[in-house]
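Biologist: I am new to this structure and would be grateful for a close look at its salt bridges. Please set them in their surroundings as you go.

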Amino acid sequence: MVVLSQPLVENFSHIKTCKHNNTTSDHVHTGNIIPVIDLLDPEANNLIIKACQEFGFFKVVNHGVSIETITKLENESINFFNLSQIEKDKAGPANPFGYGNKRIGSKGDVGWVEYLLFTTNPELNHNKSITIPGNSLLFWGLVKEYISAMRNMGCMVLEMIAEGLKIEPKNVLSRMLSDEKSDSCFRLNHYPPCPELLQALSGRNLIGFGEHTDPQVISVGRCNNTSGLQISLKDGTWISVPPDPYSFFINVGDSLQAMSNGRFMSVRHRVIADSLKARVSMVYFGGPPLSEKIAPLSCLMEEPNEKILYNEFTWSEYKMSAYKTRLGDNRLSLFEKNAQS
């Protein structure tokens with residue numbers, strides 16, 4: 001439990017807020033809008049395609065990941081975030097991997113969040129320098145097991161997308177995640193309750209993690225039973241995503257938007273802090289190898305008059321560009337064809 005004092009409220013008065021909107025907190029309505037995909041459904045391929053086109057976001061059930069795997073890692077994550085600040089700081093500062101607190105990235109973005117960020121790229125040794133107090137062998141073992149399950153799910157979804165789009169080979173997208181040099185990463189987020197701070201904001205919502213899109217191919221996330229995640233619809237309306245600790249949520253990332261030549265939209269999303277309950281989330285960001293070339297897939301460009309929307313770029317180029325921008329910037333716009341004209 002984080003205890004806040006008035007000086008802390010003053011110190012973080014610059015953290016972003018947004019106006020309270022009853023529409024965004026109405027789980028009855030938003031729960032009916034967000035697509036739910038049963039991965040065992042024979043029509044799952046087509047349903048995923050539709051969800052990627054209309055929302056860039058969907059929930060998956062019957063995913064095959066054991067509840068035990070989920071629960072064990074969540075419990076170990078809570079144990080870490082419940083440590084004293086001095087102990088947690090031993091795992092940081094995040095640069096970009098390791099423990100981070102309130103500051104997100106290097107461009108001044110802040111939020112009511114603390115997190116652990118890990119790389120899954122075996123060529124990078126950043127994880128070895130991250131000190132996890134307590135039973136670190138258990139922690140790292142659970143992280144490795146969980147990442148493996150998320151990678152498998154991400155590959156499954158991407159192969160379903162390939163089948164739904166009728167493109168070959170089947171692994172044209174999933175190979176980027178299964179490649180041993182895949183530049184994927186994994187983040188554990190903790191949003192502490194903040195009753196005093198929210199009271200001081202006079203009815204405004206405190207931003208836990210500011211609005212953004214994910215630069216990778218896809219993201220696979222889940223959270224405990226605390227609300228907060230919101231996605232933006234095509235018309236700019238923000239809607240809340242009802243929490244479901246036993247299901248997973250898939251985000252279309254910028255790279256997949258480019259490869260689909262804009263057929264799929266990278267979803268803008270954010271997290272609103274809760275006044276009374278802590279929120280814990282786990283997100284796997286499925287990225288390609290650094291040298292992977294990202295461009296609209298030629299097999300999708302069937303219409304003779306269809307214009308190519310994006311210039312070719314490597315994941316390394318896009319990653320470097322993305323992390324030089326602010327969280328809420330439209331990073332992909334720099335790689336649009338007309339951006340050079």
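Modeller: A residue is called buried when its relative accessible area is under 20%, exposed when that area is over 50%, and partly exposed in between. The model is predicted, and a search of the whole of it finds twelve salt bridges.

One of them joins Asp 109 and Arg 326, whose side chains meet with N and O 3.1 Å apart. This bridge ties together distant parts of the chain, since Asp 109 belongs to strand E5 and Arg 326 to the segment after H10, 217 residues apart. The two partners are not equally accessible. Arg 326 counts as partly exposed because its relative accessibility is 37%, which falls between the limits of 20% and 50%. Asp 109, by contrast, has a relative accessibility of 7% and therefore counts as buried.

A second bridge is formed by Lys 319 and Asp 183, with the closest N and O atoms 2.7 Å apart. Here too the chain is brought together across a long stretch: Lys 319 lies in helix H10, while Asp 183 lies in the loop between helix H7 (175-178) and E6, 136 residues apart. Lys 319 is partly exposed because its relative accessibility is 22%, whereas Asp 183, with a relative accessible area of 3%, is buried.

A third bridge pairs Arg 268 with Glu 211 at 3.3 Å, N to O. Arg 268 sits in the loop between helix H9 (254-259) and strand E12 (269-272), and Glu 211 in strand E7; the two distant parts are 57 residues apart in the chain. In this pair Arg 268 counts as partly exposed because its relative accessibility is 22%, and Glu 211 is also partly exposed, at 34%. Beyond these pairs, salt bridges link Glu 159, Glu 163 and Lys 170 in a network.

Several elements named above return in the lining of the largest pocket. Its volume is about 830 Å³, and it is lined by 37 residues, those closest to its centre being Pro 96, Gly 105, Tyr 115, Leu 117 and Tyr 323. At least two lining residues each come from strand E4 (98-104), strand E5 (109-119), strand E6 (185-191), strand E7 (204-212) and helix H10 (315-322). The strand that holds Asp 109 and the helix that holds Lys 319 are thus among the elements that line this pocket. The largest share of the lining, five residues, is supplied by E4. Sorted by class, the lining contains 16 nonpolar, eleven polar and ten charged residues.

Strands E6 and E7 also take part in the lining of an enclosed space. The structure has one cavity of 30 Å³ or more, and about 260 Å³ of space lies in the largest cavity. Of its 22 lining residues, Leu 229, Asn 251, His 269, Ser 281 and Val 283 lie nearest the centre. E6, E7, strand E8 (218-223), strand E11 (248-252), E12 and strand E13 (279-286) each provide at least two of them. By class, eleven are nonpolar, seven polar and four charged.

The nonpolar interior completes the surroundings. The largest nonpolar core has 69 residues, among which Ile 161, Phe 186 and Leu 256 touch the most other members. Helix H6 (residues 136-165) gives the largest share of this core, 15 residues. Apart from residues up to four places away in sequence, Ile 161 touches Ile 48, Ile 49, Cys 52, Leu 173, Leu 256 and Phe 264. A second, separate core of 15 residues includes Ile 104, Leu 229, Val 241 and Phe 249; Leu 229 is also one of the residues nearest the centre of the largest cavity.

Val 217 offers a last point of reference. It is placed in the loop between E7 and E8, and it counts as buried because its relative accessibility is 0%. Setting aside neighbours within four places in sequence, Val 217 is in contact with residues including Leu 158, Met 176, Asn 251, Leu 256 and Pro 288. Among these contacts, Leu 256 is one of the residues that touch the most other members of the largest nonpolar core, and Asn 251 is one of those nearest the centre of the largest cavity. Val 217 and Ser 266, 49 residues apart in sequence, are 9.1 Å apart in space, C-alpha to C-alpha.

Conventions. Residues numbered from 1 in each chain as written. Predicted model: local features only at pLDDT ≥ 70, side-chain atom pairs only at ≥ 80, totals over all residues. Heavy atoms only, no water. 1 Å grid on protein atoms, 1.4 Å probe; cavity = no way out; pocket = protein on both sides within 12 Å on 5 of 7 lines; lining within 4 Å. Points joined across faces, edges and corners; volume = space filled by probe spheres on them. Helix = DSSP H or I, 4+ residues; strand = E, 2+ residues; numbered from the N terminus. Nonpolar A, V, L, I, M, F, W, Y, C, P; charged D, E, K, R; others polar. Core = buried A, V, L, I, M, F, W, Y, C linked by side-chain atoms within 4.5 Å. Buried < 20%, exposed > 50% of the residue type's maximum accessible area, 1.4 Å probe, protein only. Contact = heavy atoms within 4.5 Å. Salt bridge = Lys/Arg side-chain N within 4 Å of Asp/Glu carboxyl O.
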